[in-house]
Every structure is written in structure tokens, then in C-alpha cells.
Number of protein chains: 2
Amino acid sequence: MAKKQAVKTEPRLFGGVDVGGTKILAMVVDDKGNVVSTAKKKTKGEAGFKVVLDRAAATLQEALELENLAFADLAAIGVAVPVPVMPDGTTPAASNLPGWKGAPLIATMEKLTGRPCFGENDCNAGTYGEYVWGAGKNAKTLIGFFVGTGLGGGVVYHGELIVGENRLAAELGHVTVKEGGRICGCGHKGCLESYASKTGLSRRVAWEVLMEGRQSVLAQYVQDGRYNTIKSSALQDAYRKGDAVAVEALDELAHYLGVGIGMYITIFGPDRIVIGGGVFEALGKELLPKVKETARLRVFPEPSFKDTKITLAELGDYAVGMGAVAYAKDCLDKKTGK
Amino acid sequence: MAKKQAVKTEPRLFGGVDVGGTKILAMVVDDKGNVVSTAKKKTKGEAGFKVVLDRAAATLQEALELENLAFADLAAIGVAVPVPVMPDGTTPAASNLPGWKGAPLIATMEKLTGRPCFGENDCNAGTYGEYVWGAGKNAKTLIGFFVGTGLGGGVVYHGELIVGENRLAAELGHVTVKEGGRICGCGHKGCLESYASKTGLSRRVAWEVLMEGRQSVLAQYVQDGRYNTIKSSALQDAYRKGDAVAVEALDELAHYLGVGIGMYITIFGPDRIVIGGGVFEALGKELLPKVKETARLRVFPEPSFKDTKITLAELGDYAVGMGAVAYAKDCLDKKTGK
């Protein structure tokens, strides 16, 4: 009888690329979720699709080279982008990335890297990352919210992302919560995002400063009668200093996120909700109790609230990239029948 | 070699009982969705759980006897109720049915009928009925809305109802669409149901008549400074006569249903939506274009709208009972490993 050989259990490596509106984060991650290496570059979205994809591949190559690895060492690559990814691997128009309408995202990445590539929307990927390796582990129905410049999210239902029959859905920030209310970046009025995001919050701060003449340490973000999106670190400072304009604006953001979460519990009855994104990385502990209190008052029927654990995300900046990796791993295993 | 025998293909029969707030509808339906017999009784909900269940069983027996059948001829019975049904077969408190909190719905029906019984919430059952035998056939993701006294709905996702991890979810009418808006029967403000239901509409009509002093053929529903829920047939008459108060109120209802449908397309990206309930049985053709137009303007991203077919329900009053049958058939087949 032949001597039993030890099974080689070397982990497979995956690439994850988070192509954001302003920066690209590339990661090399093993199949257990251990981060091997990371690298960052500016997106330079204004230079168009081709340049952004070249930069995405270069960022991943940089991460690989830090560990003396090459594209050939990767089993597959997950690419997360701020737009949906269609079944044919192209993307629809992106408001913050000119020239992406119909662009061959997956084909281009596969040509640049020589590896199998799989693409997903960034907020879906972030939710999936938290589901596989973060605060959403072992949830049956998980809803993720990422509160940054906008409000994005995703739903993992019984192990799979809900992406809609056309892959365009799960735009969790673009539901009407105040008919006729504040205008949103999407052009509609009263979307959840127009209240529960830094864009919404920054507009409110600008109003307080410009129209109501109030003092605030955040006034520096209002220039020449226009506003800039306030940095999360500045919000943290202002909130902790008790700046009244900042406190009121952040309380409003938390209130509306609670309204939204109450809605989504009423619709999905999830066992877990995770909240991440810049604002909650900076002020999660302070804002979470307010979010929960509003959500509790909105859930119908009321007892449903206690069955949902609402918690802060765990993967921070890595959520999207790790989610892209987890998604690519699943897609590859499905394709190869593992 | 034995001669091949013809396989006996006699259809199995199922019972379906739709226990509503005011009436009970019982049906005998075969496994192809053919309605064999029906019977109706008043619910007499105020008499408490035990009396209602006795009446439910008696109504089904009446339907059976019309065709010289008995409980023993049924493979299983589906029971639809205006509350959720928990995994242990009990029900939580029901606002319109006193004495149902923790009541053993399934155990009691099984004792009364001697057959295997399965229970589901009425709006979930109605959506499932349309999915299996009505306007939702072959949909991948189907959302059903039933616009009557309240606004109920359900979601069939890839063949199964989304009921929440606690079975309390899919309360599609109780999401906030106007923060701080009109008060809802659930106690919250600005729910979709407080605008897109007969209760919401009737309150608006009462306001127009009592507070604004307007004339309307619907004024008869306002008595002694209070309002009664307007019958769908009266709404149909008034709308077709061009009664201004009725037209404005129904247009508002259609507008808000469109807002809600826009939201649900944005969340789920369904390939089909069906709309039923008394209001749309009476005025579906008139109101559907308005609902679609508002929904189209609210969906994000916009191209997603065209992938969703929005259509009127087909089963009318039978949707809930037939859905209960379809659900019972599925549960029985799953239990017996078919």
C-alpha cells in the first residue's frame, strides 16, 4: 500500500480591486480572508475608462510586487466599481466616471492581467465582504449600509446578493423617504441619500452657515456661496467639540438612517444589519444608538425590531476590496464546479 | 412481462381558507388551479379566535358539501390570515382580530378538519396565488400589491416568498414615504399605506368635505364628523362621474402607489409587479397609467424601470385563497419529499 501523502493545502491567492470615484485600492488576499498586500493610487476618473483600468491593473501589480508575486499567482481577480456590472461584463453610464457607458470592464481587466476577472458594484461588494469576513458573518439575511459621500448598500439574502433581475437594483439610498423633500444627486426629491449621506449633510451645513448666518467650525467647507463635501475627520472633530451646527446635522443624518433601516427591517426582516462608510468609521459609537432608536420606532410590526442585530461594519476601508475577492472566489468555484 | 398499467392521474384536491377581517372565503381547488367550489361566511372576529376558526372550518365544509366532498378528500388545507403565521403555527397579536395573540392557528385547524394544514399571511398568500396561477406566472422576482382598506403586499423571490427571518416581514405598506406625514393605522406617520389605501383616501375625502366644505357624492361616507371607509364600487361611480374630490383623492392614491412601486423596483429590480385589491378591481384600467408614470419617474437608475412589467392582478377575490392552496401544496410536497 502506498504511503499516504500529506495533502498540499497552500492557500489560493486572489486579487481585489476597489475602483472608487477618487482612489483605487488593490489588495492581494488569500482564500481565508488574510490580507497579504495592498496598494493605492488616485483614480483619475476624468482621464476616461481606458486610463482608469490601466491604473487599476497597475495598482494591483504594485500590491503583488511588494510580496514578489505576479498576476500569474492569482486564482482570479474581483473588480468592484461604483456602477453595476452587467452579465456581459460591461458597465452602464456612471455619473462620476466619464466614458464608462457600455465599457468592457471585465474583458479589459482580463486582457490587462491575464487572469479570470469578476465584477460587482462596490456597495454590493462591501456588503458581501462584511458577510463573508466581517460583521455580517453567518447572517441569514444581511443588509449593509455605507454612509460616505453618498449612501450605498447591499442585501445578502440566504447566501447571495440581491442584485435585481437586471443587475441594476439594490440602490438602497435612492428610495423616497420624504415625498417632495430635499433634492438628491440622482435628480429625484426626498431620497434617503439626500438626508443620510455627507452630501446631504454638507448641504444642510451650508444652509445653516449661508442662509441662517450660524457660526460653525465647518464653515470652512462653504466657499464663495457653494459647499464642498465635508471630510469625515472634520465631522468627528466638530461633533466631539459640540459644534451645534455639526451636532444637529449629524443627528439628522442618524435619524434618517434610522428611518431607512426601520423600512428595510419592515421589508426584509433581516437577522443582521451592518453600518460602515467614512461617517460611521469616524463617529459610529456616537451615532449608532440614535440610529437604532429611530429604527426601533419605525419597524412594523414592532416586535420585529428585536430580531435584527444592528452593528458597525468591521472591515473599514477593506470591505469593498475583500468583498470583490470573496465574490471572485465564489464565481470561480461555481465556474469550475468546486 | 407484465402489461403496463395506465397511471392514475386523478387530480389532488386542496382546501384554501381566506380568513379576512370581515368575511371568510373557503375554496376547494385542484392541483392544477381549477376552482371546484367556494363558500362564504362573515368572520365575526369580535367573537374571538375559537369562534372564527369554527366558522372557517364550517365554511370550508360548506364548500366541500356543495360537491359531495368531505375533509377526507383534501390532500391538505392552506389557511390565510391577516397576521403572520409563526413557524410553530401560532399567530402574533392581530389589530383587527381580538384574542389571536399566540393562538394555535394550525393545531386548531388540523383538529377541526383532520387534515394537514399550512398557514400564511393573506397578502403573502395573494402574491403567491398570482405567482402560481395568475398575472405573476413565470416571474423570477414578483412583487404583489393589494390596495383595499389597507395596502398589503408580498415578494416572491426566485420561487419563494420573502417572509423575513422572523416571518414578520414584507409589510410593504408600512415603509415611510413622507417623513412627518399623514398618520397611519399602525401608529407611525407617513407610511405608504396612509396614502395608498382606502383608509388613507377616505380620510382625505373626509377632510375635503368637513374642513374645506367641498361637495362630493362621497360625502355620505362622512357622518357626525367621522368617516367610514368608502366602498370600492362607490369610488368607481364617483371617479367615472368626474366627482372632483374623488378624482383628486384617487389620483393621490395612484401617485403614492407609484412612489412605492418606484422604491420597490429600485430595491428589488423585479421582472414583474402585479396590483390587485378592491380599488384596482374597480378602477385598475383608469389608475394603472398614473401609477406607472409616477413609478417611472422614481426608479433609480432610470433604465431599470423598463425591465419591470407592471400589470393588474388576475385572480380577483380568489387570489388569497388560491395562494393558500398553492402554498399548502408546496409545503405538503416538501414534507412528503415530492
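Over all chains of this predicted model, a search of the whole structure finds 10 aromatic pairs. One of them is formed within chain A by Phe145(A) and Tyr264(A), whose rings are tilted, with 5.6 Å centre to centre and 55° between the planes. Because Phe145(A) belongs to strand 6 (residues 141-147) of chain A while Tyr264(A) belongs to helix 6 (residues 244-268) of chain A, this pair ties together parts that are 119 residues apart in sequence. As for their surroundings, Phe145(A) is buried, and Tyr264(A) is buried as well.

Another pair is found in chain B, where the ring centres of Tyr128(B) and Tyr131(B) are 5.7 Å apart and the planes stand at 35°, so this pair, too, is tilted. The reason for that label lies in the angle, since planes under 30 degrees apart count as stacked and those over 60 as edge-to-face, with the rest counted as tilted. Here the two partners share one element: both Tyr128(B) and Tyr131(B) lie in helix 3 (residues 122-133) of chain B, where they are 3 residues apart, about one turn of the helix. Tyr128(B) is buried, and the description holds for Tyr131(B) also.

From the aromatic pairs we turn to the interface of the two chains. Here 42 residues of chain B are in contact with 42 residues of chain A, and the area buried between chain B and chain A is about 3,500 Å², with carbon and sulfur atoms giving 58% of this area. Of the area that chain B buries against chain A, 21% is supplied by Glu165(B), Glu179(B) and Ile267(B), which is more than any other three residues supply.

Polar groups also meet across this interface, for the rule finds 28 residue pairs in polar contact between chain B and chain A, both residues being at pLDDT 80 or more. The rule further finds 2 salt bridges across the interface of chain B and chain A, and one of the salt bridges in the model joins the side chains of Arg298(B) and Glu179(A), at 2.9 Å from N to O.

Which helices of chain B each supply at least two residues of the side that touches chain A? They are helix 6 (244-268) and helix 7 (278-298) of chain B, and helix 6 of chain B gives the most to that side, with 9 residues. Taken by residue class, the side of chain B that touches chain A divides into 23 nonpolar, 11 polar and 8 charged residues.

Methods: Residues are numbered from 1 along each chain as its sequence is written. Chains are lettered from A and ligands numbered from 1 in the order in which they are written. This is a predicted model: local features need pLDDT of at least 70, side-chain atom pairs count only at pLDDT 80 or more; totals for chains, interfaces and linings use all residues. Side-chain values use heavy atoms; hydrogens and water are left out. Contact means heavy atoms within 4.5 Å. Buried area is the accessible area (1.4 Å probe) that two parts lose on being put together, summed over both. A salt bridge is a side-chain nitrogen of Lys or Arg within 4 Å of a carboxyl oxygen of Asp or Glu. A polar contact is a pair of N or O atoms within 3.5 Å; within protein, one must be able to donate a hydrogen and the other to accept it, and residues adjacent in sequence count only if both atoms are side-chain atoms. Helices (H or I, at least four residues) and strands (E, at least two) are DSSP runs, numbered from the N terminus. Ala, Val, Leu, Ile, Met, Phe, Trp, Tyr, Cys and Pro count as nonpolar, Asp, Glu, Lys and Arg as charged, and the others, Gly among them, as polar. Rings of Phe, Tyr and Trp (its six-membered ring) pair if their centres lie within 6.5 Å; planes under 30 degrees apart count as stacked, over 60 as edge-to-face and the rest as tilted. Buried means under 20% relative accessible area, exposed over 50%, partly exposed in between (1.4 Å probe, protein chains only).
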